[in-house]
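Me: I have a structure to look at and would like to know how each label is earned. Please take the labels in turn.

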Amino acid sequence: MGDYCPICKGAGYLRMDVPVGHPNFGRIIPCECKIREREAKLLRQYLELSGLEQLEDWTFESFDPTVPGVADAYRIALEYARNPDGWLLLMGGFGCGKTHLAAAIANYVLHHQRLFPLFTVVPDLLDYLRATFAPDRTDSYDNRFEQVRNAGLLVLDDLGTEHTTPWATEKLFQIINYRYNQRKPTVITTNRDLDDLDERIRSRLCDRAICRAVFIRAGDYRLRRSRLSS
């Protein structure tokens, strides 16, 4: 049996080895194999929910930091991926490389950190949540909502491009506010002026105690990269 665990003998749980009278005497705890099994299941769930599998080639190795205007953003994004603490806000126009860097952070965390990354485009996320938000699907919605806001690393791509209905604005704020209060690692990209965003969200993005903002002045990174390589 390849999955047989010699530690717990296949039981999945262990009784704590402490003397009689200890507060934890008789307490049952999950074995390392059970913890790994749960983590693998959770990771599969996040990968299914995420759009990261379609961006597996969007890594730091495939990003060209020699394109004019992107070097600082590349360095800061790589530093953040190595130590994902607080928030990182990547700002810039269309095609400046911010989505590639955000996906590179998520891919790095996936392979090098013990976190569960969720990469999602904000309009797609809200459409997904809205589809599960129905009177007969409360459990499904609640579970998905909890998964999103509790992701080990949450990447919200293209903030500000969503259709701004009161429902969408409120749900997005709930996710961002929860992660703000919990100081959960979060990467956000936007091509919008912060003044165009909901003021409650803007106030959290402007909190320099938790969020580092990087403006990428690279024009269209994709076009300039292709010209440099031709």
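The turns below go through the labels, starting with the model itself.

Me: What makes the confidence differ along the protein, and where is it lowest and highest?
Reply: This is a predicted model. Confidence is scored per residue from 0 to 100. The mean pLDDT of the protein is 85, and 83% of its residues reach 70 or more. Helix H8 (residues 221-229) has the lowest confidence, at a mean of 55, while strand E6 (residues 186-190) has the highest, at 98.

Me: How many helices and strands are there, and how many residues count as buried?
Reply: There are 8 helices and 7 strands. Of the 230 residues, 43% count as buried.

Me: Why is Asp-158 called partly exposed?
Reply: Buried means under 20% relative accessible area and exposed means over 50%. Asp-158 has 22%, so it is partly exposed. Asp-158 is in the loop between strand E5 (153-157) and helix H6 (166-182).

Me: What is notable about the phi of Asp-158?
Reply: Most residues other than glycine have a negative phi. Asp-158 is not a glycine, yet its phi is positive, about 65°. Arg-183 also is not a glycine and has a positive phi, of about 55°.

Me: Where is Arg-183, and how do you know which exposure class it belongs to?
Reply: Arg-183 lies in the loop between H6 and E6. Its relative accessibility is 39%, which falls between the limits of 20% and 50%, so Arg-183 counts as partly exposed.

Me: What makes the sheet open, and which strands stand at the edges?
Reply: The open sheet has 5 strands in the order E4-E5-E6-E3-E7, with parallel pairing. Strand E4 (117-121) and E7 each have a single partner strand, so one side of each is left without a neighbour in the sheet. From one strand to the next, the twist averages 15°.

Me: How do you know that E5 and E6 pair?
Reply: Two strands pair if there are at least two bridges between them. E5 and E6 are joined by 3 bridges and run parallel, so the condition is met. The bridge partner of Leu-156 in E6 is Ile-188, and Val-155 stands opposite Val-187.

Me: How many bridges join E3 to E6?
Reply: There are 5 bridges, and E3 and E6 run parallel. At least two are needed, so E3 and E6 count as a pair. Leu-90 stands opposite Thr-189 in E6.

Me: Why is E6 called mostly covered?
Reply: In E6, 5 of its 5 residues are buried, so each has under 20% relative accessible area. Thr-186, Ile-188 and Thr-190 point one way, and Val-187 and Thr-189 point the other way. In a regular strand the side chains alternate between the two faces of the sheet.

Me: What lies across E6?
Reply: H6 lies across E3, E5 and E6, and runs at about 140° to E5.

Me: What makes a group of residues a nonpolar core, and which residues touch the most other members of the largest one?
Reply: The members are buried nonpolar residues joined through side-chain atoms within 4.5 Å. The largest core has 31 residues, and Phe-60, Leu-88, Leu-101, Ile-105, Leu-153 and Val-187 touch the most other members. Helix H2 (71-82), strand E3 (87-92), helix H3 (98-112), E5 and strand E7 (211-216) each supply at least two residues. H3 gives the most, with 8 residues. A second, separate core of 28 residues includes Leu-125, Tyr-141, Leu-172 and Ile-175.

Methods:
Residues are numbered from 1 along each chain as its sequence is written. This is a predicted model: local features need pLDDT of at least 70, side-chain atom pairs count only at pLDDT 80 or more; totals for chains, interfaces and linings use all residues. Side-chain values use heavy atoms; hydrogens and water are left out. pLDDT is the predictor's confidence in each residue, from 0 to 100. Helices (H or I, at least four residues) and strands (E, at least two) are DSSP runs, numbered from the N terminus. Buried means under 20% relative accessible area, exposed over 50%, partly exposed in between (1.4 Å probe, protein chains only). Axes are lines fitted to C-alpha atoms, for helices over the stretch in contact, and angles run from 0 to 180 degrees between N-to-C directions. Contact means heavy atoms within 4.5 Å.
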